Amino acid sequence: MTPVGPSPPGAPGSATDWRVVIDEKGRCGSISYNEPAGSVGFSWEFGGGDTVAIISFEDEATWRTRYPWAVGRRAEILRRVADEVIRQKSPGSFAEIDEQAGWINLRQVTPPRLPAAAPASHQAFRDRKAKLTLILAAFVLVLVVAAFGLKSMFSIQSSTGTPLGLSVRTPQHIATLIRTLEPYVPSLHRNPDNDRHRLALFLYPVDGRSPGRTIPIAQGLRIGDFNLAQLLGCDGSTVWFNLNGIGGVNLTTGKLVGAADLRRANTVLDETWDDFRRFEFDGRLRVTLPDRQRIFEVVPETLQAIPSPTPRDPAKLPFDPALQDFLSSGVRPTPTEWLGLHSPNEVAREFKPKSRLSRTNRAENAKELRRLHRAELGPELDRGYREVLSMTPVSEDEFFNAAFLRAAASADPLRLSAPESFLMVYTSKPGLGGTAMLARVDSTGKILWRTDTGIERFKLAQILPDARNVAFIGTRPPVPDKLSEPILVIVDNPSGAVSTTTLWK
């Protein structure tokens, strides 16, 4: 470190091909040294005691990198800057230059004989500055963390989502839409219209061997966005849904499929793919073109739309099956035999001898105790009807609101093998608190097994039958002061084993 004063007139460095520009911003600022070869930047701040100002600059390593044109002229440029600052701003001062530490001190008094004290004063000032900077940074960090922490602390967290609409079967899963309220901060005048929700697809394996998986679909949705949201069906590859427009989830990859994907796969088709009202599902996703004449169906593997061989049925309802569609009052073990579930009133009114039975008889949702009956049927009449020749109870056992299960409306009841048997749905007991039961009944009326689904019978929302297993969706019986839990129950047809999962996700 060498104390120096301003260069005398005519001294080296006084040429007019360089200049020093000082910028003041309160108690600090910047200094720019400029010459045709380039510029060097400095910073300055007021000092304390006999130190007028402190000028800082780059260390030697950084200087070589940033100012290669001035590598051999470091001392010369520092001297020029010190002299010019003294000339412009502090006449009568002298400069202490420490090239290695990277600073210049401007002092007002005669330099001491032992210059070691000057770096100590300078270092103390810089230490104080660093400490204050650290305290300020910590304070700002605390404010930021507190702001986010308070928001999180006072946010209402919706820990579970709830099922939305009806579920559908896939080859290996039961698929259900789950809606979840996103966290929000409560207020005295909270407007529910400002709430935001997430939508996801929950896939639960029909074998019950894993807890299932949830695939996100969308977030930041308003409650009005769910007015028409529903699952449409599964084509084996994709679960299709409506959420203010057509969408799907690929079961293999978990990726979302939307109108843009359908458009890319069908560039030659004059179709916008944006009007959800023209979509329907019948084994495959079907779309009616704008001319309202042509109907195309989407090939699952390629998403390409091809002309549908099946015309649209105007009487066909949207996907909204009723429970009674899956329930039959009886089965035919053979063409001339009838195994039915009837109350005494029903036998006397509809199933007495000489009554006519259709191919499939839909069961009535009646709060009556029914028994298993066997009947002999006469020859087939017109439209598949047969006459009842006799009707006899199998036993005295009674089952409340019982019926046989079938795969779809107007279909024959499910027929299991080894041994030949059928599935019977009934309620565990009359009155409140009764749960949906499932039993396997052989062709003679013998109960092979029975199981309790745990779902309140009159809160049973959906039945999804299959030859391998049957899925039931509904809520548990009510518990005082608690909301009834929605559950999905899958019963294995051969054994009666039950797999249950909550639909609070």
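Begin by selecting helix 2, residues 74–89, whose 16 residues reach 22 Å from the first C-alpha to the last, close to the 22 Å expected at 1.5 Å a residue. What you have open is a predicted model, and the stops that follow should be read with that in mind. While helix 2 is still selected, show its side chains and look for the buried residues, among them Arg74, Ile77, Leu78 and Arg80, and also Asp83 and Glu84.

Now zoom out to the whole chain, which holds five helices and 33 strands. Of its 505 residues, 43% are buried, and the accessible surface comes to about 27,000 Å², with 55% of that surface belonging to carbon and sulfur atoms. If you display contacts between residues at least 6 apart in sequence, 49% of them join residues at least 24 apart.

Next, select Asn34, which you will find in strand 3, residues 28–35. Is Asn34 buried or exposed? Asn34 has a relative accessible area of 17%, and because buried means under 20%, this residue counts as buried. Its side chain makes a polar contact, at 3.1 Å, with the side chain of Ser32. Beyond the neighbours within four places in sequence, Asn34 is in contact with Asp17, Trp18, Arg19, Val21 and Ser39, so these five can be added to the selection.

From there, move to the open sheet of four strands, which follows the order 12-13-14-15 with antiparallel pairing. Its edge strands, each pairing on one side only, are strand 12 (230–234) and strand 15 (256–258). On average, neighbouring strands of this sheet are turned by 25° against each other, with direction ignored. To see one pairing in detail, select strand 14, residues 246–250, which runs antiparallel to strand 15 and is joined to strand 15 by three bridges; here Gly247 stands opposite Gly258.

For the last stop, select strand 32, residues 486–492, which is mostly covered, with six of its seven residues buried. Strand 32 pairs in the antiparallel sense with strand 31, residues 469–475, over seven bridges, and in this pairing Leu488 of strand 32 has Ile473 opposite. Strand 32 is also joined by five bridges to strand 33, residues 498–502, again running antiparallel, where Thr500 is the bridge partner of Val489. Which residue in the turn of the hairpin formed by strand 32 and strand 33 has a positive phi? Five residues lie between the two strands, and Gly496 in the turn has a positive phi of about 85°.

Technical notes:
Residues numbered from 1 in each chain as written. Predicted model: local features only at pLDDT ≥ 70, side-chain atom pairs only at ≥ 80, totals over all residues. Heavy atoms only, no water. Buried < 20%, exposed > 50% of the residue type's maximum accessible area, 1.4 Å probe, protein only. Polar contact = N/O pair within 3.5 Å; in protein donor to acceptor, adjacent residues only side chain to side chain. Contact = heavy atoms within 4.5 Å. Pairing = 2+ DSSP bridges. Axes fitted to C-alpha atoms, helices over the stretch in contact; angles between N-to-C directions. Areas by Shrake-Rupley, 256 points an atom, 1.4 Å probe, with all protein chains shown as cover. Expected span 1.5 Å × (residues − 1).
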